[in-house]
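User: Could you take a close look at one packing arrangement in this model for me, and then follow the chain on from there? I'd like one connected account that I can check against the coordinates.

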Amino acid sequence: DSLREDLVHEGFYFFYKDKFIVEREVEKMSKRWQNVVTPDSMVSQYGADTFRMYEMFLGPITDSKPWNTHGIDGVFKFLRKFYNLFHNKENAFEVSNEKPSKDEFKALHTCIQKVENDIEKLSFNTCVSHFMICVNELQALKCNKREILEPLVVLISPFAPHLAEELWQLLGNEPSVTTANYPTFNPTYLVESELTYPVMINGKMRAKIILPAEAGEDQALETALSTAEVQKWTDGMQVRKVVFVPKKILNLVVG
């Protein structure tokens, strides 16, 4: 009873024995509760593309999601990374016409495949994740190749239309990026020409070898036995059994 007498409730706050206590409550945005975040304030701080992509990144579009701005900086930094692919260290626009490498083509077409599939499912949040992965890979490869970046601009244009339009114009293209053909996935760029095989010797992994994707058991065994690491564990012993699983593993039993 004394507790009830000392406890005074004022809206979302409690005063108990002259102590200020905050009550936490999660609510939907509503004009009634005056807890609405206006898009204008977010756009003025981060830009329309960041705000747009962050809303997509919060989760599946069909689900209700709590509003939380803690992660918006991550989307903002991602768009800066994307923009920097087209610019050198002096922040000058610089794109190369060199032929891309196999890894660069792989990064682009992996992204195209996943974004195409997820757009069909309205899974925009995972599309944003795929863009982030692709940009990180291209950044690590120091890629500034037109043949990679130009289709990537078109691919991201529904998600970040303002940035895409600016980059499309800088690339010397007319008219708008919205008139360009959307990139199509080419599975040939995802076909591996070489594979890394773990080599197991008596049940323990002792080495790794790189083989052509079409390599068979004989080539795998010959390559393995010619490497110093495998020779270290097979010296003076006879290979009694070979278990070769294509595109997965080479297992040797020696004794």
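Analyst: Happy to. In this predicted model, helix H5 (residues 102-120) and helix H7 (residues 146-156) pack with an angle of about 15 degrees between them, and their axes are 10 Å apart. Angles under 35 degrees count as roughly parallel, so H5 and H7 are roughly parallel to each other. The crossing of H5 past H7 is left-handed. On the H5 side, the contact is made by Glu-104, Phe-105, Leu-108, Cys-111, Ile-112 and Val-115. H7 answers with Glu-147, Ile-148, Pro-151, Leu-152 and Leu-155.

One of those H7 residues leads us onwards. Leu-152 is also among the contacts of Phe-82, a residue of helix H4. Is Phe-82 buried or exposed? Its relative accessibility is 0%, and buried means under 20%, so Phe-82 counts as buried. With neighbours within four places in sequence left aside, Phe-82 touches Val-135, Leu-152, Val-153, Ile-156, Leu-163 and Leu-167. A handy distance to check is the one from Phe-82 to Leu-149: their C-alpha atoms lie 9.4 Å apart, although 67 residues separate the two in sequence.

H4 (72-84) appears again around helix H3. In H3 (residues 48-57), the buried residues are Asp-49, Thr-50, Phe-51, Met-53, Tyr-54 and Met-56. Their cover includes H4, together with helix H2 (39-46), helix H6 (124-140) and helix H8 (161-170). Just after H3, Gly-59 has a positive phi of about 160 degrees, a backbone angle you may like to look up.

Further along the chain we come to a sheet. Four strands make up an open sheet in the order E5-E4-E7-E6, and the pairing is mixed. Strand E5 (204-212) and strand E6 (239-245) are the edges, each pairing on one side only. From one strand to the next, the twist averages 20 degrees. In general, the strands of a sheet pair through backbone hydrogen bonds, either parallel or antiparallel.

Let's walk across the sheet in its own order. E5 runs antiparallel to strand E4 (residues 194-201), and eight bridges join the two. Leu-195 has Leu-211 of E5 as its bridge partner, and Met-200 is partnered by Met-205 of E5. Two residues lie between the strands of the E4 and E5 hairpin, where Asn-202 takes a positive phi near 55 degrees.

The next step is from E4 to E7. These two strands run parallel and are joined by three bridges; Val-199 has Leu-250 of E7 as its bridge partner. From E7 we reach E6, which runs antiparallel to E7 with six bridges joining them. There Val-242 stands opposite Leu-252 of E7. E6 and E7 also form a hairpin, with three residues between them. In that turn, Lys-247 has a positive phi of about 65 degrees.

How do the side chains of E7 point? They alternate along the strand: Leu-250, Leu-252 and Val-254 are buried and point to one face, whereas Ile-249, Asn-251 and Val-253 point to the other face and are not buried. The two residues used above to place E7 in the sheet, Leu-250 and Leu-252, are both in the buried set.

Two helices belong in this part of the account. Helix H9 (residues 217-225) lies across E4, E5, E6 and strand E7 (249-254), at about 120 degrees to E5. Helix H10 (residues 228-234) includes Thr-234. Because its relative accessible area is 10%, below the 20% cut-off, Thr-234 is buried. Beyond its neighbours within four places in sequence, Thr-234 is in contact with Ile-201 and Val-254. Val-254 is one of the buried E7 side chains described above. A polar atom of the Thr-234 side chain also lies 3.0 Å from the backbone oxygen of Val-230.

To set all this in the whole chain: there are ten helices and seven strands, and 32% of the 255 residues count as buried. Among contacts between residues at least 6 apart in sequence, 54% join residues at least 24 apart.

How values were computed:
Residues are numbered from 1 along each chain as its sequence is written. This is a predicted model: local features need pLDDT of at least 70, side-chain atom pairs count only at pLDDT 80 or more; totals for chains, interfaces and linings use all residues. Side-chain values use heavy atoms; hydrogens and water are left out. Two strands pair if DSSP finds at least two bridges between them. Axes are lines fitted to C-alpha atoms, for helices over the stretch in contact, and angles run from 0 to 180 degrees between N-to-C directions. Contact means heavy atoms within 4.5 Å. Buried means under 20% relative accessible area, exposed over 50%, partly exposed in between (1.4 Å probe, protein chains only). A polar contact is a pair of N or O atoms within 3.5 Å; within protein, one must be able to donate a hydrogen and the other to accept it, and residues adjacent in sequence count only if both atoms are side-chain atoms. Angles under 35 degrees count as roughly parallel, over 145 as roughly antiparallel, 65 to 115 as roughly perpendicular and the rest as oblique. A crossing is left-handed if the near helix is turned anticlockwise from the far one by less than a right angle, and right-handed if clockwise.
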